[in-house]
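Visitor: Could you take me through the salt bridges in this model, one by one, and then show me what sits around them? I'd like a close look rather than a quick tour.

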Amino acid sequence: MLKIPDHQVAGHEARVGKLGPLIDDSGRFYKPLQSDKRGSEEVAFYESFSSNTEIPEHIRRFFPIFYGTKVMKASTGAEHPHIVLQDIASSRINPSVMDIKIGARTWAPESSEAYVAKCLRKDRESTSVPLGFRISGLRVYISDELGFYKPHRDAIRKAGPDDVKLLLRKFISSNPSAEMETDPDCSLASSVYGGPDGILAQLLELKAWFEDQTIYHFYACSILFMYEKGLALKGASSNAEVKLIDFAHVTEGRGVIDHNFLGGLCSLIRFLSDILKETTKFTVENGQVEPEESGLI
């Protein structure tokens, strides 16, 4: 039974007569291939990445599992080819999700002049240029009664640097829908962003790889943050997880570091590190998230 994913926070959404991703009950995510070369290039990336023996196993966990392609009935009702991927939210209960597009530049070198102009306008009008990343969408679980906090895409699109920090704080707060004059409590910062298995530690692991890898350049790729707020509020593990998605503009690295992606990733890491320093007793030392010494003997 195919259905529209309710955890999607950015990108093209499926609806009547409109092409968009679908999921099933077996944990698979069906992403329609784009009709131009972007569709075939995303398939080519997944095929290359899946078979590349130079990719460390600990890095593969940050990418959805690729199951191939399939021609099937799309959300429009017509037959259409899809990329078949792991539904990374299938085992989660009411997941909170944030989609962050990484890089100050979101177009690949071979893009057309028209596409470059379109991307450049978006990059300059958002925080992509000043920060090296921009938030594309988010939803934060509040409760079964109140549902989710999910700001409108227009508001997110207009977000400046201060707004980005506010949204990153709201993402790990028990009061995300509070009015702007009310500070988010960041009560889940340590259990989601912090700790040895938290989002910051995972980003630092990715950073270490991007400081060395010269296989690919990831233009217009997004990082997803996910966690289960219901578990975190009960004192259990939040199941915080980082995934990379959207690979229609990946190019060969040709032996050169992907400074565009790495720069955006480092900027995002600084934002999360600052939030943790402000709200908890964590510091980042030698690429690891560590609790601060209390100073007590």
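Guide: Let's start with E252 and R254, whose side chains meet in a salt bridge at 3.7 Å, N to O. This is a predicted model, so keep that in mind throughout. Both partners sit out in the open: E252 is exposed at 54% relative accessible area, and R254 is exposed too, at 71%. R254 has something else going for it, namely a phi near 55 degrees, a positive value in a residue other than glycine. You'll find R254 in the loop between β11 and α10.

For a buried counterpart, go to E228 and R92. Their closest N and O atoms are 3.8 Å apart, and that makes a salt bridge. E228 belongs to strand β9 (residues 222-228) while R92 is in the loop between β4 (79-86) and β5 (95-102), so this pair ties together parts that are 136 residues apart in sequence. E228 has a relative accessible area of 6%, which counts as buried, and R92 is buried as well, at 13%. The pair doesn't stand alone, either: salt bridges with shared partners join R92, E228, E241 and K243 into one network.

Next comes E278 with K165, another salt bridge, where the closest N and O atoms are 2.7 Å apart. Here the link runs between two helices, with E278 in α10 (residues 259-279) and K165 in α6 (residues 161-170), 113 residues apart. Neither end is buried in this case: E278 is partly exposed at 46% relative accessibility, and K165 is partly exposed at 26%. Taken over the whole structure, the count of salt bridges comes to 16.

Since that last pair brought us to α6, have a look at what the helix tucks away. Its buried residues are V164, L166, L167, L168, R169 and K170. The cover over them includes β5, α4 (128-131), β6, β7 (147-149), β9 and α10. So α10 turns up twice here: it carries E278, the partner of K165, and it is among the elements covering the buried residues of α6.

Staying with α10, find S267, which is in that helix. S267 is buried, at 5% relative accessible area. Leaving out residues up to four places away in sequence, S267 touches L131 and F133.

From there, step over to R134, in strand β6 (residues 133-143). At 14% relative accessibility, R134 is another buried residue. Its contacts beyond four places in sequence are D99, I100, K101, T106, K122, D123, S126, T127 and S128. R134 and L268 make a nice long-range pair as well: they are 134 residues apart in sequence, yet their C-alpha atoms are 9.3 Å apart.

Now back towards β11 by way of α1. This helix covers residues 37-51, 15 in number, and reaches 21 Å from its first C-alpha to its last, close to the 21 Å expected at 1.5 Å a residue. On α1 the buried residues are G39, E42, V43, F45, Y46 and F49. They take up an arc of only 155 degrees around the axis, which puts them on the same side of α1. Among the elements covering them are β2 (28-32), α2 (57-60), β3 (66-73), β4, β8 (216-218) and β11 (250-252).

α1 also has a part in a pocket, the second largest, with a volume of about 280 Å³. There are 13 lining residues, and the closest to the centre are K37, R38, E41, S111 and H249. Two elements, α1 and β11, give two or more residues to this lining. The biggest share comes from α1, with three residues.

One last stop, for a comparison with R254. A220 is in the loop between β8 and β9, and its phi is near 60 degrees, again positive in a residue other than glycine. Surroundings set the two apart: A220 is buried at 8% relative accessibility, whereas R254 is exposed at 71%.

Note on methods:
Residues are numbered from 1 along each chain as its sequence is written. This is a predicted model: local features need pLDDT of at least 70, side-chain atom pairs count only at pLDDT 80 or more; totals for chains, interfaces and linings use all residues. Side-chain values use heavy atoms; hydrogens and water are left out. A salt bridge is a side-chain nitrogen of Lys or Arg within 4 Å of a carboxyl oxygen of Asp or Glu. Helices (H or I, at least four residues) and strands (E, at least two) are DSSP runs, numbered from the N terminus. Buried means under 20% relative accessible area, exposed over 50%, partly exposed in between (1.4 Å probe, protein chains only). The expected span of a helix is 1.5 Å times one less than its number of residues. The arc is that of the directions from the helix axis to the C-beta atoms. Contact means heavy atoms within 4.5 Å. On a 1 Å grid over the protein atoms alone, a cavity is a set of points where a 1.4 Å probe fits but cannot get out, and a pocket is an open set with protein on both sides within 12 Å along at least five of seven lines; lining residues have an atom within 4 Å of a point. Grid points are joined across faces, edges and corners, and a volume is the space filled by probe spheres set on the points.
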